[in-house]
Amino acid sequence: MKKRIVILGAGFGGAYTAMYLEKYLKKVKEPVELIIINKENYFVFQPMLAEVVGGTLGVYDTINPIRKLLKKANLYVRDIESIDIENKEIVLTPKFSHKAESIPFDHLVMALGTVTDFRGLPGIHEHALPFKNLADSIAIRNRVIDVIEAAANTKDEMTKRKLLTFVVGGGGFSGSEVVAEINDFVRKTTKDYPNIDQKMIRVIIAHSKSRLMNNEMPESLSNYAGKLLKKRGVEIYFNTHLKTATPDEAVFDTGERIPTKTVISTVPSSPNPLLEGLPLEYSRGRIVTDA
């Protein structure tokens, strides 16, 4: 009977593990079945999602069909209902039927990645746009286009200013990249709108630390990035948290309220909730692994 390796998730961790295993298993005499379970049938190149927002790259430039990448693996495009470590099976949610499906395994690779964590941030989940996956990138781009079109046909100055104000919460890689793309896209696009005064445009990023990308970049590079964004018209609020959002405002922990119709949150991620409660060793919510 074939041994079965099941990989949960086809992001960088899951997809590249599967690619390696496909090559490695060619040398193994014992027959092995490789299964991947993922929500979509494509692999997304996450670092380029900000370019989708600004239109620098098209949607299809950032994705790759999993079946093209992995010729020998069996793909299940499904949501996972539960993970049973003790009985060695994965339960998939029903799809096109009312029955859940169980996938037994001999070896399990968990590469589920993280999820956006809105806990402790009331209002953000309801009124801010997340920036985590491909669908989020498209939603943000569509929102930016919608508010520009609305602003072009609005005569009320306060409403126009609100529509042309964009607030990004979080100045890590994701926040810095998406604010740069939005800024360039908005300022370039609105040049074709005679009813929009460029001076009304505000693009703002709020970051809880004293410099952007403080965890990802050395000080010299993050300071350079900050200067470049300011030069291009981005307003940077350092040592400031995006506390909450309403349909008409972004609210900072300093008490300042920014009238806007577009709030984007790049709040910290947390481990996938499917991992909670499994009989494994954890550290700060993450599974402890060895080399």
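This passage looks at the salt bridges of a predicted model and then at one of its helices, helix 8.

Start with the charged pairs. Side chains of opposite charge can pair when their charged atoms come close. Searching the whole structure turns up eight salt bridges. In one of them, glutamate 33 meets arginine 4, with N and O 3.1 Å apart. Glutamate 33 sits in strand 2 (residues 32-38) and arginine 4 in strand 1 (residues 3-8), so this bridge ties together parts that are 29 residues apart in sequence. Glutamate 33 itself is partly exposed, at 23% relative accessibility.

Another pair brings the side chains of glutamate 101 and arginine 78 together, again in a salt bridge, at 3.1 Å from N to O. Here the link runs from strand 8 (residues 101-104), home of glutamate 101, to the loop between strand 5 (74-77) and strand 6 (80-84), where arginine 78 lies, so parts 23 residues apart in sequence are tied together. The two partners fall into separate exposure classes: glutamate 101 is partly exposed, with a relative accessible area of 30%, whereas arginine 78, at 13%, counts as buried.

A third bridge leads towards helix 8. Aspartate 184 pairs with arginine 232, and their closest N and O atoms are 3.6 Å apart. Aspartate 184 belongs to helix 7 (residues 173-189), while arginine 232 is in the loop between helix 8 (219-231) and strand 14 (234-237), so the pair ties together parts that are 48 residues apart in sequence. Both ends are partly exposed, aspartate 184 with a relative accessible area of 37% and arginine 232 with 45%. Elsewhere, salt bridges with shared partners join Lys162, Asp248 and Lys261 into one network.

Now for helix 8 itself. Its 13 residues reach 18 Å from first C-alpha to last, close to the 18 Å expected at 1.5 Å a residue. Ser222, Ala225, Gly226 and Leu229 are its buried residues. Viewed down the helix axis, the buried residues of helix 8 fall within an arc of 100°, so they line one face. That fits the general geometry: an α-helix has 3.6 residues a turn, so residues three or four places apart point the same way. On the other side of helix 8, Ser220, Tyr224, Lys227 and Lys231 are exposed.

What covers the buried residues of helix 8? The cover includes helix 7 and strand 14. Helix 7 thus turns up twice, since it also carries aspartate 184, the partner of arginine 232. After helix 8 comes glycine 233, with a positive phi near 105°.

Conventions. Residues are numbered from 1 along each chain as its sequence is written. This is a predicted model: local features need pLDDT of at least 70, side-chain atom pairs count only at pLDDT 80 or more; totals for chains, interfaces and linings use all residues. Side-chain values use heavy atoms; hydrogens and water are left out. A salt bridge is a side-chain nitrogen of Lys or Arg within 4 Å of a carboxyl oxygen of Asp or Glu. Helices (H or I, at least four residues) and strands (E, at least two) are DSSP runs, numbered from the N terminus. Buried means under 20% relative accessible area, exposed over 50%, partly exposed in between (1.4 Å probe, protein chains only). The expected span of a helix is 1.5 Å times one less than its number of residues. The arc is that of the directions from the helix axis to the C-beta atoms. Contact means heavy atoms within 4.5 Å.
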